[in-house]
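User: I am new to this structure and would like a close look at one part of it, the sheets and what surrounds them. Could you walk me through that part in one connected answer?

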Amino acid sequence: MKFGKGTRPIEIGSFVGSYELLDVIGKGGMGVVFDAECEGRHVAVKLLSEQRLADERALRRFRDEALVGRIISHPNVTATLEEGTVDGVPFLVMERVCGETLGVRIQREGCPSLSRTITLVQQILAGLGAMHAAGIVHGDVKSDNVLVERLDDGSDRARLIDFGLAHVQFSPADDVRRPGPDEELVSGTPEYMAPEVIRGEGSSMASDLYAVGVILYELLTGSTPFAGGVPAEIVRRHLDDEVVPPSLRAEVEMPAMLDRIALRAIAKDPAKRFATADAFAAALAVVEPLLLHDECTG
């Protein structure tokens with residue numbers, strides 16, 4: 001895979017700044033992410049696809065992604081370390097998280113325990129809450145945009161990644177900026193899209209929280225609530241179909257309160273969802289003692 005228009009294309013073995021590109025670790029519509037190294041330090045280097053270089057909207061989103069990683073400092077959000085241009089191609093240098101996506105983890109291991117599920121979702125909400133407090137909407141929350149790293153003590157830490165669809169609603173370095181009409185397009189991943197996003201109303205903090213509700217459902221049952229079929233059918237279900245309570249699809253018993261939390265998180269009306277990431281996390285915290293009681297008496 002090669003980038004750049006100069007005599008020395010950017011590819012594995014090339015240097016981006018002081019970082020040597022070692023291997024491709026991810027590909028998407030916006031570009032490619034490489035594992036890279038400098039003096040023993042590994043990072044992730046993201047290069048914007050050459051096909052996107054003339055796309056002003058893509059360039060703006062790439063800059064917004066860099067901005068998100070710079071202004072948010074939180075253990076559950078990946079940080080941007082450096083940004084620049086090499087041979088006319090914009091790049092980002094991000095911290096390298098040693099782990100796998102939550103989506104891959106679910107496929108490989110199945111549903112985690114209820115207590116671990118709650119911990120993972122609370123961590124996602126903590127990172128998202130930090131973004132929302134800074135006026136930023138992620139815009140594409142999904143299990144494949146959550147990296148999970150296994151820590152030395154055996155616990156997991158979840159980190160939000162991929163801010164290519166983020167709406168930077170204000171920036172300390174700039175003036176207030178809100179998405180313009182050309183940005184209010186239906187974008188995201190069908191399985192995680194809130195009804196209002198599907199209707200073309202744009203992503204918001206409420207739609208981010210809806211997507212976390214879908215992740216909670218996925219962790220509890222092994223599947224998103226409206227999975228299956230072509231994207232058009234999936235988005236129709238988000239708009240029209242009632243959600244089957246996760247307790248009816250899960251292989252383990254769960255407190256009724258956890259059912260209620262999951263259903264509230266993915267309510268079709270944004271006003272009926274949790275108002276903030278903190279409120280969502282607080283509701284999950286109430287369930288934790290019930291799980292401990294069940295583990296002790298089971």
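Analyst: Happy to. Let us begin with how the chain meets itself: among contacts between residues at least 6 apart in sequence, 62% join residues at least 24 apart. Please keep in mind that this is a predicted model. The protein has 298 residues, and buried residues make up 52% of them. Its secondary structure comes to eight helices and eleven strands.

Now to the sheets. Six of the strands form an open sheet, and reading across it gives the order E1-E2-E3-E4-E6-E5, with antiparallel pairing. At the edges stand strand E1 (15-16) and strand E5 (80-86); each has a single partner strand, so one side of each is left without a neighbour in the sheet. As you follow any strand by eye, a general point may help: in a regular strand the side chains alternate between the two faces of the sheet.

Let us stay at the E5 edge for a moment. The partner here is strand E6 (residues 89-95), which runs antiparallel to E5 and is joined to it by six bridges. You can trace the pairing residue by residue: threonine 80 stands opposite methionine 94 in E6, and glutamate 82 stands opposite valine 93 in E6.

What happens where the chain passes between these two strands? E5 and E6 form a hairpin with two residues between the strands, and there aspartate 87 takes a positive phi near 55°. Most residues other than glycine have a negative phi. Aspartate 87 is not a glycine, and yet its phi is positive, at about 55°. This aspartate 87 lies in the loop between E5 and E6. With a relative accessibility of 35%, aspartate 87 counts as partly exposed.

The second sheet to look at is also open and has three strands, in the order E7-E9-E10, again with antiparallel pairing. Its edges are strand E7 (100-101) and strand E10 (156-160); each of these has a single partner strand, so one side of each is left without a neighbour in the sheet. Strand E9 (residues 146-150) and E10 run antiparallel and are joined by five bridges. One pair to find on screen is arginine 150 with its bridge partner in E10, aspartate 156. A helix belongs in this picture too: H3 (residues 114-133) lies across E9 and E10, and it runs at about 35° to E10.

Follow the chain on from E10 and you come to aspartate 162, in the loop between E10 and strand E11 (167-168). Aspartate 162 is a residue other than glycine with a positive phi, near 60°. It has a relative accessible area of 32%, so aspartate 162 is partly exposed.

What lies around the sheets? Start with helix H2 (residues 102-109), where you will find glutamine 107. At 71% relative accessibility, glutamine 107 counts as exposed. Glutamine 107 also has a partner far along the chain to look for: serine 223 is 116 residues away in sequence, while the two C-alpha atoms are 9.6 Å apart in space.

From there, turn to a pair of helices. A general note first: two packed helices are described by the angle between their axes and the distance between the axes. For helix H5 (residues 205-221) and helix H7 (residues 256-265), the axes come within 8 Å and cross at roughly 140°. H5 and H7 are therefore oblique to each other. The crossing in which H5 passes H7 is left-handed. On the H5 side, the residues that meet H7 are Leu209, Tyr210, Gly213, Leu216 and Leu220, and in H7 they meet Leu258, Ile261, Ala262 and Ala265. Sorted by type, the residues of this contact between H5 and H7 are eight nonpolar, one polar and no charged.

Our last stop is aspartate 269, in the loop between H7 and helix H8 (277-297). Aspartate 269 has a relative accessibility of 35% and so counts as partly exposed. Its C-alpha atom is separated by 9.6 Å from that of alanine 206, although these two residues are 63 residues apart along the chain.

Notes:
Residues numbered from 1 in each chain as written. Predicted model: local features only at pLDDT ≥ 70, side-chain atom pairs only at ≥ 80, totals over all residues. Heavy atoms only, no water. Pairing = 2+ DSSP bridges. Helix = DSSP H or I, 4+ residues; strand = E, 2+ residues; numbered from the N terminus. Contact = heavy atoms within 4.5 Å. Axes fitted to C-alpha atoms, helices over the stretch in contact; angles between N-to-C directions. Parallel < 35°, antiparallel > 145°, perpendicular 65-115°, else oblique. Left-handed = near helix turned anticlockwise from the far one by under 90°. Nonpolar A, V, L, I, M, F, W, Y, C, P; charged D, E, K, R; others polar. Buried < 20%, exposed > 50% of the residue type's maximum accessible area, 1.4 Å probe, protein only.
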